[in-house]
Amino acid sequence: MAIRSALPAQDRNLMPEGRLSGPMPWVIAIMVFLTVLAAAAGLLLASASADMGQEIARQATVQVLAAEPRERDAEQARALSALRALPQVTDAASVPPAKVEQLLAPWFGGASIASDLPIPALIDVTLTGPADAGALQRLRVALERAAPSARVDADGAWLAPVRGALQSLQWLAAALIVLLGIATAATVVLAARSSLGNHRETIAIVHLLGGTDHQISRLFQRRMALDAAFGAILGFVASAALLYALSRQFLELDTPLVPVAGASPLLFAVLLVIPVVTVLLAVLMARLTILGALRKML
């Protein structure tokens, strides 16, 4: 309504126009649909990467590798006592052997593990700070006498490839958003030039009657804004409905690798920026295109 009231009625009726008759609204709807999906994927991946980093950064795992079961159990008990005595350790807990076998089962094709195969005893350790090289070295020093066969690793090191893959996907989503923005701008430019060509004779008459380039450009801007607003709203509603349906399905998976918690009302509020920016971009590109073409016509 703001756009409609910005022009006098006689100016709006000066140039005949078809409402949503061209392909531009539908192309913009597709662009906004894809852009919202790419932006949502990028934001959810960023949230998952950040949550994973904060949760894993203070975690470490101690593997007791002694081959003899009794010696392995004894080293594990001594290692637990030594770790719990350290001020930088907030929690240290042994992993039950049944859980260790469950973790190793996929590596053996789901078959049971032979009883004579030495399985390391594991201890989950939570530190007060990041599990960096200095913290890990202090743990190794504390375990040298209590558990000589112990090996200490930061949990973050295991998930480094996963975090790297998530970051690559974020960059891919950002690249897609940029490309879709360029494609949207190009669509508006082509639509503006096509509309300008269709009304070339009317524009010449308006010029003869004393009409200025800015008055003529406002007519085209209004039409482009209406088409872009229709397409942006349609694309956003379709993408938001799809995201909501997917988030409902992913809730049943109950896995930390799918960040369904990030599909919140706040996410949809942030994504609302995309249709608004799309309409503003369409108006700007239409204005620049029309003014540039009108200057060449004179």
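Here is a short back-and-forth about the sheet, two helices and a couple of residues in this predicted model.

Me: Before we start, what are the ground rules, and how many helices and strands are there in the protein?
Reply: It's a predicted model, so local features need pLDDT of at least 70, side-chain atom pairs count only at pLDDT 80 or more, and totals for chains, interfaces and linings use all residues. Residues are numbered from 1 along each chain as its sequence is written, and side-chain values use heavy atoms, with hydrogens and water left out. Helices (H or I, at least four residues) and strands (E, at least two) are DSSP runs numbered from the N terminus. On that basis the protein has 11 helices and 4 strands.

Me: In what order do the 4 strands sit in the open sheet?
Reply: Strands pair if DSSP finds at least two bridges between them. Strand 2 and strand 3 are joined by 5 bridges, strand 1 and strand 3 by 6, and strand 1 and strand 4 by 5. The pairing is antiparallel, and the order reads 2-3-1-4.

Me: Which strands stand at the edges of that sheet?
Reply: Look for strands with a single partner, since one side of each is then left without a neighbour in the sheet. Those are strand 2 (89-94) and strand 4 (150-154).

Me: Which residue is the bridge partner of Asp-91 in strand 3?
Reply: Strand 2 and strand 3 run antiparallel. For Asp-91, the partner in strand 3 is Thr-126.

Me: How are helix 4 and helix 6 oriented to each other?
Reply: The axes (lines fitted to C-alpha atoms, for helices over the stretch in contact) give angles from 0 to 180 degrees between N-to-C directions. For helix 4 (residues 69-84) and helix 6 (residues 133-143), the axes come within 9 Å and cross at roughly 130°. Angles under 35 degrees count as roughly parallel, over 145 as roughly antiparallel, 65 to 115 as roughly perpendicular and the rest as oblique. The two helices are therefore oblique.

Me: How many nonpolar residues are in the contact of helix 4 with helix 6?
Reply: Contact means heavy atoms within 4.5 Å. Ala-79, Ala-82 and Leu-83 from helix 4 meet Leu-139, Ala-142 and Leu-143 from helix 6. Ala, Val, Leu, Ile, Met, Phe, Trp, Tyr, Cys and Pro count as nonpolar, Asp, Glu, Lys and Arg as charged, and the others, Gly among them, as polar. With no polar and no charged residues in this contact, the nonpolar count is 6.

Me: What is the relative accessible area of Asp-124?
Reply: Buried means under 20% relative accessible area, exposed over 50%, and partly exposed in between (1.4 Å probe, protein chains only). Asp-124 is found in strand 3, where 6 of the 7 residues are buried, so that strand is largely enclosed by the rest of the structure. Asp-124 itself is partly exposed, at 34%.

Me: How far apart in space are Asp-124 and Val-62?
Reply: In sequence they are 62 residues apart. Leaving aside neighbours within four places, Asp-124 is in contact with residues including Ala-60 and Thr-61. From C-alpha to C-alpha, Asp-124 and Val-62 are apart by 6.6 Å.

Me: Is Gln-88 buried or exposed?
Reply: Gln-88 lies in the loop between helix 4 and strand 2. Not counting residues up to four places away in sequence, Gln-88 touches Thr-126, Leu-127, Thr-128 and Arg-138. At 17% relative accessibility, Gln-88 counts as buried.
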